[in-house]
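Please look over the model shown here before reading the notes that accompany it.

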Amino acid sequence: MPDPAKQPDLPETPDAKKLFIKTYGCQMNVYDSERMAETLGAQGYVATDTAEDADMVLINTCHIREKASEKLFSDLGRLRPLKLAKPGMKIGVAGCVAQAEGAEILRRAPQVDLVVGPQSYHRLPQMIRAEGQVIDTDFPLEDKFDHLPERKATRGPSAFLTVQEGCDKFCAFCVVPYTRGGEVSRPATRLLAEARALVEKGVRDITLLGQNVNAYHGAGEGGDWGLARLVRALARIDGLQRIRYMTSHPNDMGDDLIAAHGDEPKLMPYLHLPVQSGSDRILKAMNRKHTAAQYLALIERFRAARPDILLTSDFIVGFPGETDADFEDTLALVRAVNYGMAYSFKYSARPGTPAAEKPGVDSAVADERLQRLQTLLTEQQQAAQQAMVGREVGVLYDKPGRMPGQMVGKSDHLHAVHVADAAGQVGELVRVRVTAASTNSLAAVRL
Ligand code: SAH
Ligand code: SF4
Ligand code: F3S
């Protein structure tokens, strides 16, 4: 999950208007916040680290679970006295709650000046000049990406790049198809240009983002390109050293992408492939359109192409109708896969989704299942980290560590690694040997 305190970079100028963005939700929201900061940067806004100091506060929201949405209204409550003390201050709400509940937000929170849905961020410059409350939650025909300014430098050597947005899968529990709209892929030619611009500004590591990233089919030279072709073209950019992609859906996985994991060295040995449940009955009720056995077979093919690939997933427990036996199937699937890491969530009924109509599982039972699943996943995560000890891996340095002479970075498998290296530079990709594993990170020496 993103760090809400991390602010997108903007130049520091003393008397410019100040912008504070708070970001919730997935990586795509992190990417969107950067693009909104760039858009407002072109209108004279510079970043600040606190809401108190800001002339404009933008909350980029997530609607995926009830708790995620609730955070918006508690934030708005805290902002109200700030705005009363500073009448010129603007408050904006962006993201998936804005899309789903825009009118309701304006009604409940008169301190909000603007509500902007994820497909309308390019219209922010007009919106900030408007008088009174404004809302734009259209799914416009024009492509917002064509109207956003050039990429700015990012803080570290890693960047996100949205290649595909929206979803047509309609899993029975999920709001994303409603908040982000249908699947749209960006043209490959534009993505290559954006990636080159990022690399010129010092980026070495790009994660391609999409709600169904492996369904990517964007216009490129000679016709539509799939994700594998895009990955291979990106890999030819000098200076770009690492590529990942997320989040994939099991039903969209092509042979060419699996093959790329075997022969494209810049494609990292890491795959986030959510399965949600190990029970075929529940998968069917979730409208996932794959079985547990099909998922396991897919994992085998990835492991055949890249034996050390680290697998991660998302799980939902307590989906309506989930029995003890269904949950045991989920535990069995987790044991069969052996994940490097995974997120697990208690089912949250979301208004407007088909599953919300069905009676839920007893809350205490769901809590207990979540606990058991998380215990197993934590054991697997610890074992995966422990198994790295003694191995040689690549590490890309993100920042200096807290100790003198120490650098911190990400391994090929996305483990956080602390390296004793007094001469290390941010953005440097080095080979290390892992010497120890602790709960959340590895220690290593540079080779
Ligand atoms: N394919 C998507 C998934 C987005 S939602 C992607 O791009 O990441 C991320 C995860 O949130 C899902 O995989 C699912 O495990 C969880 N989730 C979605 N809706 C949920 C709900 N109603 N209750 C609990 N968890 C949910
Ligand atoms: Fe939601 Fe399913 Fe689409 Fe993922 S694939 S965004 S879980 S509807
Ligand atoms: Fe949340 Fe929207 Fe992402 S609902 S998970 S911010 S797509």
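The sections below take up confidence, domains, the ligand surroundings and one loop residue.

## Model and confidence

This is a predicted model, and across the protein chain the pLDDT averages 94, with 97% of the residues scoring at least 70. The exception to be kept in mind is the stretch of residues 1–5, where pLDDT stays under 50 and for which the model has seven contacts beyond four places in sequence. Where pLDDT is low, predicted coordinates should not be read in detail.

## Domains and annotation

The domain assignment divides out two regions of the protein chain, namely domain 1, which spans 17–142, and domain 2, which spans 392–446. Taken over C-alpha atoms, the centres of domain 1 and domain 2 are separated by 36 Å.

According to an unreviewed UniProt entry, residues 17–133 carry the annotation "domain: MTTase N-terminal". In the model, residues 17–133 are 47% helix and 21% strand, and the C-alpha atoms at the two ends of this span lie 20 Å apart.

## Surroundings of ligand 1

Around ligand 1 there are 14 residues, of which the closest are Phe173, Gln211, Gln276, Asp314 and Ser348. Among these, Phe173 contributes a polar backbone atom that is 3.0 Å from a nitrogen atom of ligand 1. Side chains also take part: a polar side-chain atom of Gln276 lies 2.7 Å from an oxygen atom of ligand 1, and an N or O atom in the side chain of Asp314 is 2.7 Å from an oxygen atom of the ligand.

## Surroundings of ligands 2 and 3

The shell around ligand 2 includes Cys167, Cys171 and Cys174, together with Lys169, Phe170, Phe173, Val176, Pro177, Asn212, His249 and Arg288. By class, this shell has seven nonpolar, two polar and two charged residues. Phe173 is thus listed around ligand 2 and is also one of the closest residues to ligand 1.

For ligand 3, the surrounding residues are Cys26, Asn29, Thr61, Cys62, His63, Ile64, Cys96, Arg180 and Gln211, and they divide into four nonpolar, four polar and one charged. Gln211, listed here around ligand 3, also appears among the closest residues to ligand 1.

## Arg123 in its loop

Arg123 is found in the loop that runs between strand 5 (114–116) and helix 4 (124–129). Leaving aside residues up to four places away in sequence, Arg123 touches Asp136, Asp138, Pro140 and Glu142. Although Arg123 and Met36 are 87 residues apart in sequence, their C-alpha atoms are 10.0 Å apart in space.

Terms used:
Residues are numbered from 1 along each chain as its sequence is written. Chains are lettered from A and ligands numbered from 1 in the order in which they are written. This is a predicted model: local features need pLDDT of at least 70, side-chain atom pairs count only at pLDDT 80 or more; totals for chains, interfaces and linings use all residues. Side-chain values use heavy atoms; hydrogens and water are left out. Domain bounds come from an automatic or database domain assignment. pLDDT is the predictor's confidence in each residue, from 0 to 100. Contact means heavy atoms within 4.5 Å. UniProt positions are given in the numbering used here, feature names are shortened, and annotations may be inferred rather than shown by experiment. Helices (H or I, at least four residues) and strands (E, at least two) are DSSP runs, numbered from the N terminus. A residue is near a molecule or strand if one of its heavy atoms lies within 4 Å of it. Ala, Val, Leu, Ile, Met, Phe, Trp, Tyr, Cys and Pro count as nonpolar, Asp, Glu, Lys and Arg as charged, and the others, Gly among them, as polar. A polar contact is a pair of N or O atoms within 3.5 Å; within protein, one must be able to donate a hydrogen and the other to accept it, and residues adjacent in sequence count only if both atoms are side-chain atoms.
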